[in-house]
Amino acid sequence: MSTQESVTVTVTGAGGQIGYALLFRIASGAMFGPKTPVRLRLLEIPAGLKSAEGSALELQDCAFTTLDSVEVTDNAAHAFAGTNVALLVGARPRGPGMERGDLMAANGAIFGPQGSAINAGAADDVRVLVVGNPANTNALIAAAHAPDVPAERFTAMTRLDHNRALAQLARTLDVPVASIGNVIIWGNHSATQVPDVSHGVLTASDGTRRPLPDALAEALGGSAKVAAWLDETFIPRVAKRGAEIIEVRGSSSAASAAAAAVDHVHDWILGTAGSWTSAAVLSDGSYGVPRGLISSFPVHSRDGAWEIQQGLSVGADVHARIDRSIKELEEERDMVKSLGLI
Ligand code: NAD
Ligand code: LMR
(Lines give C-alpha, C1' and ligand atoms only; values in the text may rest on other atoms or scores of the structure.)
(Ligands and ions follow the chains in the order given, each with its own letter.)
Protein backbone atom coordinates (compact mmCIF):
# COMPACT_ATOMS: atom_id res chain seq x y z
CA MET A 1 0.00 0.00 0.00
CA SER A 2 1.46 3.37 -0.95
CA THR A 3 0.90 5.95 1.76
CA GLN A 4 -0.51 8.45 -0.76
CA GLU A 5 -3.30 6.14 -1.98
CA SER A 6 -6.50 6.06 0.01
CA VAL A 7 -6.79 3.31 2.59
CA THR A 8 -9.95 1.47 3.56
CA VAL A 9 -10.06 0.78 7.29
CA THR A 10 -12.67 -1.38 8.99
CA VAL A 11 -13.22 -0.83 12.70
CA THR A 12 -15.35 -3.41 14.50
CA GLY A 13 -17.04 -2.41 17.73
CA ALA A 14 -16.94 1.13 16.37
CA GLY A 15 -19.79 2.22 18.64
CA GLY A 16 -17.92 1.23 21.80
CA GLN A 17 -15.51 3.07 24.07
CA ILE A 18 -12.31 2.32 22.19
CA GLY A 19 -14.11 2.97 18.92
CA TYR A 20 -15.03 6.46 20.06
CA ALA A 21 -11.42 7.25 20.94
CA LEU A 22 -10.00 5.57 17.83
CA LEU A 23 -12.11 6.76 14.91
CA PHE A 24 -11.21 10.42 15.22
CA ARG A 25 -7.49 9.73 15.40
CA ILE A 26 -7.59 7.53 12.30
CA ALA A 27 -9.68 10.08 10.42
CA SER A 28 -7.37 12.95 11.39
CA GLY A 29 -4.32 11.31 9.82
CA ALA A 30 -2.59 9.96 12.93
CA MET A 31 -2.50 6.38 11.66
CA PHE A 32 -1.37 6.80 8.03
CA GLY A 33 0.01 10.33 7.94
CA PRO A 34 -1.40 13.63 6.73
CA LYS A 35 -1.39 12.76 3.01
CA THR A 36 -3.34 9.52 3.02
CA PRO A 37 -7.12 9.72 2.61
CA VAL A 38 -9.03 7.21 4.72
CA ARG A 39 -12.31 5.44 3.96
CA LEU A 40 -13.81 4.26 7.23
CA ARG A 41 -16.14 1.29 7.57
CA LEU A 42 -17.72 0.97 10.99
CA LEU A 43 -19.00 -2.50 11.87
CA GLU A 44 -21.37 -2.96 14.79
CA ILE A 45 -23.97 -5.37 16.00
CA PRO A 46 -27.51 -3.97 15.76
CA ALA A 47 -27.48 -2.79 19.40
CA GLY A 48 -24.38 -0.68 18.71
CA LEU A 49 -25.43 0.83 15.39
CA LYS A 50 -26.89 4.06 16.77
CA SER A 51 -23.75 4.85 18.69
CA ALA A 52 -21.62 4.22 15.59
CA GLU A 53 -23.99 6.34 13.49
CA GLY A 54 -23.61 9.17 15.99
CA SER A 55 -19.83 8.93 15.65
CA ALA A 56 -20.18 9.02 11.87
CA LEU A 57 -22.09 12.30 12.16
CA GLU A 58 -19.41 13.75 14.43
CA LEU A 59 -16.69 12.57 12.06
CA GLN A 60 -18.37 14.58 9.29
CA ASP A 61 -18.49 17.60 11.57
CA CYS A 62 -14.74 17.48 12.17
CA ALA A 63 -14.18 18.23 8.45
CA PHE A 64 -10.93 16.25 8.53
CA THR A 65 -9.08 16.72 5.26
CA THR A 66 -7.85 13.11 5.43
CA LEU A 67 -11.33 11.58 5.78
CA ASP A 68 -12.71 10.39 2.46
CA SER A 69 -15.89 8.61 3.61
CA VAL A 70 -17.59 6.85 6.52
CA GLU A 71 -20.03 3.95 6.29
CA VAL A 72 -21.81 2.25 9.18
CA THR A 73 -23.03 -1.31 8.84
CA ASP A 74 -23.93 -4.46 10.74
CA ASN A 75 -23.00 -6.61 7.77
CA ALA A 76 -19.52 -8.12 8.14
CA ALA A 77 -19.21 -9.05 4.45
CA HIS A 78 -19.82 -5.45 3.47
CA ALA A 79 -17.61 -4.05 6.24
CA PHE A 80 -14.58 -6.08 5.18
CA ALA A 81 -15.04 -5.97 1.38
CA GLY A 82 -11.84 -4.52 -0.08
CA THR A 83 -10.50 -3.46 3.30
CA ASN A 84 -6.78 -2.80 3.68
CA VAL A 85 -6.66 -2.56 7.47
CA ALA A 86 -9.04 -4.39 9.81
CA LEU A 87 -9.11 -3.31 13.44
CA LEU A 88 -10.96 -6.00 15.37
CA VAL A 89 -12.00 -4.14 18.49
CA GLY A 90 -15.61 -5.29 18.92
CA ALA A 91 -15.80 -7.66 21.88
CA ARG A 92 -16.92 -7.58 25.46
CA PRO A 93 -14.50 -6.00 27.94
CA ARG A 94 -13.79 -7.67 31.28
CA GLY A 95 -15.18 -6.29 34.51
CA PRO A 96 -13.58 -6.03 37.96
CA GLY A 97 -12.19 -9.34 39.27
CA MET A 98 -12.10 -11.03 35.85
CA GLU A 99 -9.00 -12.08 33.90
CA ARG A 100 -8.96 -11.46 30.14
CA GLY A 101 -9.00 -15.21 29.53
CA ASP A 102 -12.43 -15.34 31.22
CA LEU A 103 -13.78 -13.67 28.06
CA MET A 104 -12.78 -16.58 25.84
CA ALA A 105 -16.15 -18.23 25.39
CA ALA A 106 -18.10 -14.94 25.12
CA ASN A 107 -15.73 -13.27 22.66
CA GLY A 108 -14.06 -16.15 20.81
CA ALA A 109 -17.17 -16.77 18.72
CA ILE A 110 -16.94 -13.27 17.22
CA PHE A 111 -13.56 -13.80 15.57
CA GLY A 112 -14.18 -16.91 13.44
CA PRO A 113 -16.92 -15.31 11.31
CA GLN A 114 -14.92 -12.09 11.05
CA GLY A 115 -11.86 -14.07 9.91
CA SER A 116 -14.04 -15.76 7.27
CA ALA A 117 -15.40 -12.41 6.07
CA ILE A 118 -11.85 -11.04 5.80
CA ASN A 119 -10.84 -14.14 3.87
CA ALA A 120 -13.76 -13.76 1.50
CA GLY A 121 -13.54 -10.09 0.68
CA ALA A 122 -10.63 -8.09 2.05
CA ALA A 123 -7.96 -6.54 -0.17
CA ASP A 124 -4.93 -8.70 -1.00
CA ASP A 125 -2.72 -6.58 1.25
CA VAL A 126 -5.08 -6.70 4.26
CA ARG A 127 -3.46 -6.29 7.67
CA VAL A 128 -5.36 -7.22 10.80
CA LEU A 129 -4.93 -5.96 14.34
CA VAL A 130 -6.94 -7.69 17.05
CA VAL A 131 -7.66 -5.56 20.10
CA GLY A 132 -10.67 -7.40 21.57
CA ASN A 133 -9.68 -9.70 24.42
CA PRO A 134 -8.23 -12.23 24.83
CA ALA A 135 -6.43 -10.59 21.93
CA ASN A 136 -3.68 -13.12 21.10
CA THR A 137 -6.04 -16.06 20.97
CA ASN A 138 -8.77 -14.13 19.17
CA ALA A 139 -6.16 -13.32 16.49
CA LEU A 140 -5.38 -17.03 16.28
CA ILE A 141 -9.08 -17.78 15.77
CA ALA A 142 -9.48 -15.13 13.06
CA ALA A 143 -6.34 -16.34 11.24
CA ALA A 144 -7.58 -19.94 11.35
CA HIS A 145 -10.69 -18.85 9.43
CA ALA A 146 -8.75 -17.00 6.75
CA PRO A 147 -6.69 -19.64 4.96
CA ASP A 148 -6.10 -17.43 1.91
CA VAL A 149 -4.61 -14.55 3.90
CA PRO A 150 -0.96 -15.00 4.98
CA ALA A 151 -1.11 -15.80 8.71
CA GLU A 152 1.58 -13.16 9.40
CA ARG A 153 -1.00 -10.50 8.60
CA PHE A 154 -2.95 -11.35 11.78
CA THR A 155 -1.52 -9.58 14.80
CA ALA A 156 -2.70 -8.76 18.32
CA MET A 157 -2.09 -5.68 20.38
CA THR A 158 0.59 -5.55 23.06
CA ARG A 159 1.61 -2.02 22.12
CA LEU A 160 -0.43 -0.70 25.03
CA ASP A 161 1.66 -2.83 27.40
CA HIS A 162 4.80 -1.59 25.66
CA ASN A 163 3.71 2.03 26.05
CA ARG A 164 2.81 1.43 29.69
CA ALA A 165 6.31 0.05 30.29
CA LEU A 166 7.91 3.09 28.64
CA ALA A 167 5.79 5.44 30.73
CA GLN A 168 6.63 3.69 34.03
CA LEU A 169 10.35 3.76 33.21
CA ALA A 170 10.27 7.41 32.20
CA ARG A 171 8.57 8.34 35.47
CA THR A 172 10.98 6.31 37.57
CA LEU A 173 14.07 7.76 35.88
CA ASP A 174 12.52 11.23 35.47
CA VAL A 175 13.47 11.29 31.77
CA PRO A 176 11.43 11.89 28.60
CA VAL A 177 9.61 8.84 27.22
CA ALA A 178 11.36 9.36 23.88
CA SER A 179 14.76 8.80 25.49
CA ILE A 180 13.93 5.16 26.30
CA GLY A 181 14.29 2.45 23.67
CA ASN A 182 14.49 -1.30 23.17
CA VAL A 183 12.05 -2.31 25.88
CA ILE A 184 10.25 -5.58 25.18
CA ILE A 185 6.91 -7.17 26.01
CA TRP A 186 7.03 -10.95 25.52
CA GLY A 187 4.16 -13.44 25.48
CA ASN A 188 0.45 -13.01 26.09
CA HIS A 189 -1.54 -9.78 26.57
CA SER A 190 -2.48 -10.98 30.03
CA ALA A 191 -1.14 -10.90 33.57
CA THR A 192 1.57 -13.40 32.50
CA GLN A 193 3.09 -11.01 29.94
CA VAL A 194 6.80 -10.34 30.39
CA PRO A 195 7.95 -6.72 30.37
CA ASP A 196 11.72 -6.95 29.85
CA VAL A 197 14.18 -4.06 30.23
CA SER A 198 17.39 -6.07 29.90
CA HIS A 199 18.13 -4.74 26.38
CA GLY A 200 16.76 -1.28 27.10
CA VAL A 201 18.74 1.80 26.17
CA LEU A 202 18.58 5.33 27.56
CA THR A 203 19.65 8.11 25.19
CA ALA A 204 20.66 11.40 26.82
CA SER A 205 19.92 14.77 25.21
CA ASP A 206 23.55 14.90 23.95
CA GLY A 207 23.03 11.57 22.14
CA THR A 208 25.01 9.46 24.63
CA ARG A 209 23.50 5.98 24.96
CA ARG A 210 23.71 3.79 28.03
CA PRO A 211 22.11 0.52 29.08
CA LEU A 212 18.79 1.03 30.83
CA PRO A 213 19.70 -1.44 33.63
CA ASP A 214 22.72 0.77 34.47
CA ALA A 215 20.57 3.89 34.59
CA LEU A 216 18.07 2.09 36.82
CA ALA A 217 20.86 0.88 39.13
CA GLU A 218 22.07 4.46 39.52
CA ALA A 219 18.57 5.77 40.18
CA LEU A 220 17.49 3.00 42.55
CA GLY A 221 20.76 2.42 44.44
CA GLY A 222 22.37 -0.70 42.96
CA SER A 223 21.54 -3.73 40.84
CA ALA A 224 20.05 -5.72 43.74
CA LYS A 225 17.53 -2.92 44.19
CA VAL A 226 16.80 -2.99 40.45
CA ALA A 227 16.07 -6.73 40.58
CA ALA A 228 13.64 -6.20 43.46
CA TRP A 229 12.01 -3.20 41.76
CA LEU A 230 11.52 -5.13 38.52
CA ASP A 231 10.06 -8.11 40.34
CA GLU A 232 7.86 -6.35 42.88
CA THR A 233 6.92 -3.09 41.21
CA PHE A 234 7.62 -2.69 37.49
CA ILE A 235 6.56 -6.06 36.06
CA PRO A 236 3.33 -6.40 38.09
CA ARG A 237 2.47 -2.72 37.54
CA VAL A 238 2.71 -3.05 33.76
CA ALA A 239 1.19 -6.52 33.55
CA LYS A 240 -1.77 -5.58 35.77
CA ARG A 241 -2.26 -2.03 34.55
CA GLY A 242 -5.42 -3.00 32.69
CA ALA A 243 -6.98 -4.16 35.98
CA GLU A 244 -5.80 -0.99 37.73
CA ILE A 245 -7.50 1.14 35.06
CA ILE A 246 -10.72 -0.87 35.40
CA GLU A 247 -10.67 -0.41 39.16
CA VAL A 248 -9.98 3.33 39.08
CA ARG A 249 -11.93 4.31 35.98
CA GLY A 250 -14.79 1.86 36.41
CA SER A 251 -14.34 0.58 32.86
CA SER A 252 -11.59 -0.76 30.72
CA SER A 253 -8.90 1.43 29.15
CA ALA A 254 -10.12 3.13 26.01
CA ALA A 255 -8.15 6.20 24.90
CA SER A 256 -4.79 4.61 25.71
CA ALA A 257 -5.87 1.45 23.88
CA ALA A 258 -6.88 3.54 20.86
CA ALA A 259 -3.53 5.37 20.95
CA ALA A 260 -1.69 2.06 21.02
CA ALA A 261 -3.72 0.76 18.06
CA VAL A 262 -2.75 3.88 16.11
CA ASP A 263 0.92 3.33 17.02
CA HIS A 264 0.82 -0.36 16.03
CA VAL A 265 -0.67 0.19 12.58
CA HIS A 266 1.34 3.36 11.94
CA ASP A 267 4.61 1.54 12.60
CA TRP A 268 3.54 -1.59 10.73
CA ILE A 269 2.82 0.36 7.56
CA LEU A 270 5.27 3.25 7.77
CA GLY A 271 8.15 1.33 9.40
CA THR A 272 10.05 1.57 12.66
CA ALA A 273 13.16 3.32 11.28
CA GLY A 274 15.86 1.30 13.01
CA SER A 275 14.20 0.97 16.40
CA TRP A 276 12.03 -1.80 17.73
CA THR A 277 8.73 -2.06 19.53
CA SER A 278 6.46 -4.88 20.74
CA ALA A 279 3.63 -6.60 18.90
CA ALA A 280 1.96 -9.98 19.13
CA VAL A 281 2.80 -11.70 15.84
CA LEU A 282 2.82 -15.21 14.44
CA SER A 283 5.68 -17.16 15.99
CA ASP A 284 8.20 -18.70 13.58
CA GLY A 285 9.79 -20.60 16.48
CA SER A 286 12.04 -17.68 17.51
CA TYR A 287 13.14 -17.66 21.15
CA GLY A 288 11.63 -21.10 21.67
CA VAL A 289 8.03 -19.90 21.22
CA PRO A 290 6.18 -22.71 19.41
CA ARG A 291 5.43 -21.96 15.77
CA GLY A 292 1.88 -20.90 15.06
CA LEU A 293 1.17 -19.16 18.38
CA ILE A 294 0.51 -15.42 18.27
CA SER A 295 2.86 -14.10 20.90
CA SER A 296 4.39 -10.75 21.71
CA PHE A 297 7.99 -10.27 20.58
CA PRO A 298 10.42 -7.44 20.03
CA VAL A 299 9.66 -6.50 16.43
CA HIS A 300 10.65 -4.01 13.79
CA SER A 301 8.77 -3.27 10.62
CA ARG A 302 10.29 -3.03 7.16
CA ASP A 303 8.42 -2.70 3.85
CA GLY A 304 5.11 -3.13 5.60
CA ALA A 305 5.96 -6.40 7.35
CA TRP A 306 6.74 -7.10 11.00
CA GLU A 307 9.99 -8.97 11.59
CA ILE A 308 10.98 -10.48 14.92
CA GLN A 309 14.17 -8.93 16.25
CA GLN A 310 16.67 -11.79 16.18
CA GLY A 311 19.73 -12.70 18.19
CA LEU A 312 18.91 -11.18 21.59
CA SER A 313 20.23 -12.97 24.65
CA VAL A 314 17.45 -13.84 27.08
CA GLY A 315 18.36 -14.33 30.75
CA ALA A 316 17.17 -17.37 32.70
CA ASP A 317 14.67 -15.40 34.78
CA VAL A 318 13.08 -13.74 31.75
CA HIS A 319 13.04 -17.08 29.93
CA ALA A 320 11.21 -18.76 32.81
CA ARG A 321 8.61 -15.98 32.74
CA ILE A 322 8.22 -16.26 28.95
CA ASP A 323 7.72 -20.03 29.31
CA ARG A 324 4.85 -19.41 31.75
CA SER A 325 3.19 -16.97 29.38
CA ILE A 326 3.62 -19.35 26.44
CA LYS A 327 2.11 -22.17 28.48
CA GLU A 328 -0.93 -19.94 29.03
CA LEU A 329 -1.16 -19.22 25.28
CA GLU A 330 -1.03 -22.96 24.58
CA GLU A 331 -3.79 -23.55 27.14
CA GLU A 332 -5.91 -20.83 25.51
CA ARG A 333 -5.30 -22.39 22.08
CA ASP A 334 -6.32 -25.81 23.42
CA MET A 335 -9.43 -24.31 25.01
CA VAL A 336 -10.62 -22.67 21.78
CA LYS A 337 -9.90 -25.93 19.97
CA SER A 338 -12.07 -27.77 22.47
CA LEU A 339 -14.81 -25.14 21.99
CA GLY A 340 -14.65 -25.82 18.23
CA LEU A 341 -13.54 -22.23 17.49
CA ILE A 342 -10.44 -23.33 15.52
P1 NAD B 1 -17.19 -1.61 24.61
O2 NAD B 1 -18.11 -2.58 25.27
O3 NAD B 1 -17.24 -0.18 24.96
O4 NAD B 1 -17.37 -1.70 23.03
C5 NAD B 1 -17.39 -2.92 22.37
C6 NAD B 1 -18.28 -2.73 21.16
O7 NAD B 1 -18.18 -3.92 20.37
C8 NAD B 1 -19.76 -2.54 21.50
O9 NAD B 1 -20.23 -1.34 20.90
C10 NAD B 1 -20.43 -3.77 20.91
O11 NAD B 1 -21.73 -3.49 20.41
C12 NAD B 1 -19.45 -4.14 19.81
N13 NAD B 1 -19.51 -5.52 19.35
C14 NAD B 1 -19.75 -6.63 20.08
N15 NAD B 1 -19.75 -7.72 19.28
C16 NAD B 1 -19.49 -7.29 18.03
C17 NAD B 1 -19.38 -7.93 16.78
N18 NAD B 1 -19.54 -9.26 16.64
N19 NAD B 1 -19.11 -7.17 15.68
C20 NAD B 1 -18.96 -5.83 15.80
N21 NAD B 1 -19.08 -5.16 16.95
C22 NAD B 1 -19.33 -5.89 18.07
O23 NAD B 1 -15.69 -2.21 24.81
P24 NAD B 1 -14.31 -1.44 24.60
O25 NAD B 1 -13.93 -0.77 25.87
O26 NAD B 1 -14.35 -0.68 23.34
O27 NAD B 1 -13.33 -2.71 24.46
C28 NAD B 1 -13.40 -3.57 23.35
C29 NAD B 1 -12.47 -4.77 23.55
O30 NAD B 1 -11.11 -4.33 23.57
C31 NAD B 1 -12.68 -5.52 24.87
O32 NAD B 1 -12.58 -6.92 24.61
C33 NAD B 1 -11.51 -5.06 25.72
O34 NAD B 1 -11.18 -5.99 26.72
C35 NAD B 1 -10.42 -4.96 24.66
N36 NAD B 1 -9.24 -4.17 25.01
C37 NAD B 1 -8.03 -4.64 24.58
C38 NAD B 1 -6.88 -3.92 24.84
C39 NAD B 1 -5.52 -4.42 24.40
O40 NAD B 1 -4.50 -3.83 24.81
N41 NAD B 1 -5.41 -5.45 23.58
C42 NAD B 1 -6.96 -2.71 25.54
C43 NAD B 1 -8.22 -2.25 25.95
C44 NAD B 1 -9.36 -3.01 25.69
C1 LMR C 1 -6.02 -3.41 28.99
O2 LMR C 1 -4.90 -3.93 29.05
O3 LMR C 1 -6.27 -2.28 29.47
C4 LMR C 1 -7.14 -4.15 28.30
O5 LMR C 1 -6.71 -5.41 27.87
C6 LMR C 1 -8.37 -4.22 29.11
C7 LMR C 1 -8.24 -5.20 30.24
O8 LMR C 1 -9.15 -6.02 30.40
O9 LMR C 1 -7.25 -5.14 30.96
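Tutor: Before we start, a definition: Ala, Val, Leu, Ile, Met, Phe, Trp, Tyr, Cys and Pro count as nonpolar, Asp, Glu, Lys and Arg count as charged, and the others, Gly among them, count as polar. Please also keep in mind that this is a predicted model.

Student: By class, how many nonpolar, polar and charged residues does the shell around ligand 2 have?

Tutor: The residues around ligand 2 are Arg94, Arg100, Asn133, Leu160, Arg164, His189, Gly242, Ile246, Ser252 and Ser253. Because Gly is placed with the polar class, Gly242, which is one of the residues around ligand 2, belongs there. The shell around ligand 2 therefore divides, under these classes, into two nonpolar, five polar and three charged residues.

Student: How far is a polar side-chain atom of histidine 189 from an oxygen atom of ligand 2?

Tutor: Several side chains offer polar atoms to the oxygen atoms of ligand 2, among them that of asparagine 133 at 2.8 Å and that of arginine 164 at 2.7 Å. For histidine 189, the distance from a polar side-chain atom to an oxygen atom of ligand 2 is 2.6 Å.

Student: Taken alone, ligand 2 exposes 260 Å²; what percentage of that does the protein bury?

Tutor: Ligand 2 sits in the largest pocket, and helix H6 (159-173) and helix H9 (241-249) are the elements that give two or more residues to its shell. Domain 1 (7-156) and domain 2 (159-333) each supply at least three residues of that shell. Of the 260 Å² that ligand 2 exposes when taken alone, the share buried by the protein is 93%.

Student: Why does ligand 1 lie between domain 1 (7-156) and domain 2 (159-333), and which helix gives the most to the shell around ligand 1?

Tutor: Ligand 1 lies between the two domains because both of them give residues to its shell. Helix H1 (17-27) and helix H4 (104-121) each supply at least two residues of this shell. With three residues, the element that gives the most to the shell around ligand 1 is H4.

Student: The protein covers part of the 870 Å² of accessible area that ligand 1 has on its own; what percentage is covered?

Tutor: Ligand 1 sits in the largest pocket, and of the 25 residues around it, Gln17, Glu44, Arg92, Val131 and Asn133 come nearest. Backbone atoms also approach it: an N or O atom of isoleucine 18 lies 3.0 Å from a ligand oxygen, while an N or O atom of valine 131 lies 3.2 Å from a ligand nitrogen. Of the 870 Å² that ligand 1 has on its own, the protein covers 87%.

Student: Is the peptide bond from asparagine 133 to proline 134 cis or trans?

Tutor: Most peptide bonds are trans. The bond from asparagine 133 to proline 134 has an omega near -5 degrees, and proline 134 lies in the loop between strand S5 (127-130) and helix H5 (135-144). With that omega, the peptide bond in question is cis.

Student: What is the phi of alanine 63, which is not a glycine?

Tutor: Most residues other than glycine have a negative phi. Alanine 63 is placed in the loop between helix H2 (49-62) and strand S3 (67-73). Although alanine 63 is not a glycine, its phi is positive, at about 50 degrees.

Notes:
Residues are numbered from 1 along each chain as its sequence is written. Chains are lettered from A and ligands numbered from 1 in the order in which they are written. This is a predicted model: local features need pLDDT of at least 70, side-chain atom pairs count only at pLDDT 80 or more; totals for chains, interfaces and linings use all residues. Side-chain values use heavy atoms; hydrogens and water are left out. A residue is near a molecule or strand if one of its heavy atoms lies within 4 Å of it. A polar contact is a pair of N or O atoms within 3.5 Å; within protein, one must be able to donate a hydrogen and the other to accept it, and residues adjacent in sequence count only if both atoms are side-chain atoms. Accessible areas come from the Shrake-Rupley method with a 1.4 Å probe; for residues, only the protein chains shown count as cover. On a 1 Å grid over the protein atoms alone, a cavity is a set of points where a 1.4 Å probe fits but cannot get out, and a pocket is an open set with protein on both sides within 12 Å along at least five of seven lines; lining residues have an atom within 4 Å of a point. A molecule sits in a cavity or pocket if more than half of its atoms lie within 2 Å of its grid points. Helices (H or I, at least four residues) and strands (E, at least two) are DSSP runs, numbered from the N terminus. Domain bounds come from an automatic or database domain assignment.
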